[in-house]
Amino acid sequence: MLRNSVLSIAKRAYSSQPVISVSKPVEGFIGALGNTPLIRLNRLSKETGSNIYAKAEFMNPGGSVKDRAALFVVKDAEEKGLIKAGGTVVEGTAGNTGIGLAHVCRAKGYKCVIYMPNTQSQEKIDLLRMLGAEVYPVPAVAFDNPENYNHQAARHAKRLDNAVWTNQFDNTANRRAHIETTGPEIWKQLDGQVDGFTCSTGTGGTLAGVARFLKEKSNGKTKIFLADPPGSVLYSYIKSGGTLIERGGSSITEGIGQGRVTENLKPDIELIDDALQIPDADSLKMIYRLLDEEGIYVGASSALNVVAAVEMAKKLGPGKNIVTILCDGAYRYQSRLFSKKWIESKGLTDAIPEHLKKYATL
Ligand code: PMP
């Protein structure tokens, strides 16, 4: 009797809770990829009068949007017979593709070799090594220099038997990941009501792939904005209608900004309706705002994307559904982004409002 009444109280208590969607068990690391939540950012939505939605790519099993591309480039190499059991995957990466690849390689039994610019955070290098990858941090030089990390990765793969350089920048299996997974997920999550999509680019796979899918599904109605950090050439490329202007300046953001139009971006560059350039101060402030207001802990490229989504909402007018990407979590950068000293060294102390300074605890 007592047990029954306790059960009925418990039932009532549970039925008043929000519904939690439960998914079926999945097959290993690869089965856990994708199907990330689309989070409505409540405070920013209220401020703009539009719905600002952010796709939580940091919830992929390897922790970033690049898990998707990592799986697709490895599958592509397998399908083309470029790698066989026990082989080696070699890649040049700012870190996240490497981390995705290191996971995929462990899951599939491949070795993983990573070349990355030595400007990237120590956290990413440490994680890659913990995942069993062989890591070569090399001087950060431009793509036209033969010592650029990508060319070094390509040469490394050539020296080995049964090895492939997955070439994420120009291998269009990367953008296919987003045409076949990220784009359709966003479309489904919003029942096709997507007025705008904006994100930054490293390889351009995410922006181009999602743009291609959304433009096709919406008959061209979904607006696409590029979000670019300082020092990248793509903002001026879009704004000038296709002129590549020499790169200048730098940014605290990692993994984004580009000095050329990659093969992933090329087929879809005409789908981009406009471009926004987001100063580092705005991105840094947004990292802290997202933490304080939404309890969301993400890195600088995610924050830059959210700033761009807010600007896009203002440009398109109220009542719209604007989508962007939360590329990865802040754990990968916390020794920088939450360090008072580091922030000061970048001249960005004033970017963080007084009431948010308490989060800079390192
Ligand atoms: N954000 C972060 C943190 C990244 O590492 C990357 C990829 N380098 C991107 C965004 C950009 O993604 P994509 O390569 O698809 O343009």
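How are helices α8 and α9 oriented to each other? In this predicted model, α8 and α9 are oblique to each other. The reasoning rests on the angle between the helix axes, which is about 50° for this pair. Angles under 35 degrees count as roughly parallel, over 145 as roughly antiparallel and 65 to 115 as roughly perpendicular, and the rest count as oblique. An angle of about 50° therefore belongs to the oblique class.

**Two helix pairs**

The chain offers a second pair, helices α5 and α6, which pack at an angle of about 15°. That angle makes α5 roughly parallel to α6. The table sets out the geometry of both pairs.

| Helix pair | Residues | Angle between axes | Distance between axes |
|---|---|---|---|
| α8 and α9 | α8: 173-189; α9: 205-217 | about 50° | 7 Å |
| α5 and α6 | α5: 96-108; α6: 122-130 | about 15° | 9 Å |

The handedness of each crossing can also be stated. Helix α8 passes α9 in a right-handed crossing, whereas the crossing of α5 and α6 is left-handed.

The residues that form each contact are known as well. On the α8 side they include R175, H178, I179, T182 and W187, and on the α9 side they include T206, V210, F213 and L214. The residues of this contact divide into 9 nonpolar, 7 polar and 4 charged. In the other pair, G98, I99 and A102 of α5 meet K124, L127 and L128 of α6. Here the division is 4 nonpolar, 1 polar and 1 charged.

**The surroundings of the ligand**

Helix α9 also takes part in the shell around the ligand, to which it gives the largest share, 3 residues. In total, 19 residues surround the ligand. The closest are G202, T206, G255, S301 and C327. T206 is thus among the closest residues to the ligand and is also one of the α9 residues that meet α8. By class, the shell has 5 nonpolar, 11 polar and 3 charged residues.

**The two domains**

How many residues of domain 1 are in contact with domain 2? The domain assignment gives domain 1 as residues 35-62 and 177-359, and domain 2 as residues 84-161. The C-alpha centres of these two domains lie 25 Å apart. Across the boundary, 13 residues of domain 1 are in contact with 13 residues of domain 2. On the side of domain 1 that touches domain 2, the residues divide into 3 nonpolar, 5 polar and 5 charged.

Note on methods: Residues are numbered from 1 along each chain as its sequence is written. This is a predicted model: local features need pLDDT of at least 70, side-chain atom pairs count only at pLDDT 80 or more; totals for chains, interfaces and linings use all residues. A residue is near a molecule or strand if its C-beta atom, placed from the backbone, lies within 6 Å of it. Helices (H or I, at least four residues) and strands (E, at least two) are DSSP runs, numbered from the N terminus. Ala, Val, Leu, Ile, Met, Phe, Trp, Tyr, Cys and Pro count as nonpolar, Asp, Glu, Lys and Arg as charged, and the others, Gly among them, as polar. Axes are lines fitted to C-alpha atoms, for helices over the stretch in contact, and angles run from 0 to 180 degrees between N-to-C directions. A crossing is left-handed if the near helix is turned anticlockwise from the far one by less than a right angle, and right-handed if clockwise. Two residues are in contact if their C-beta atoms, placed from the backbone, lie within 7 Å. Domain bounds come from an automatic or database domain assignment.
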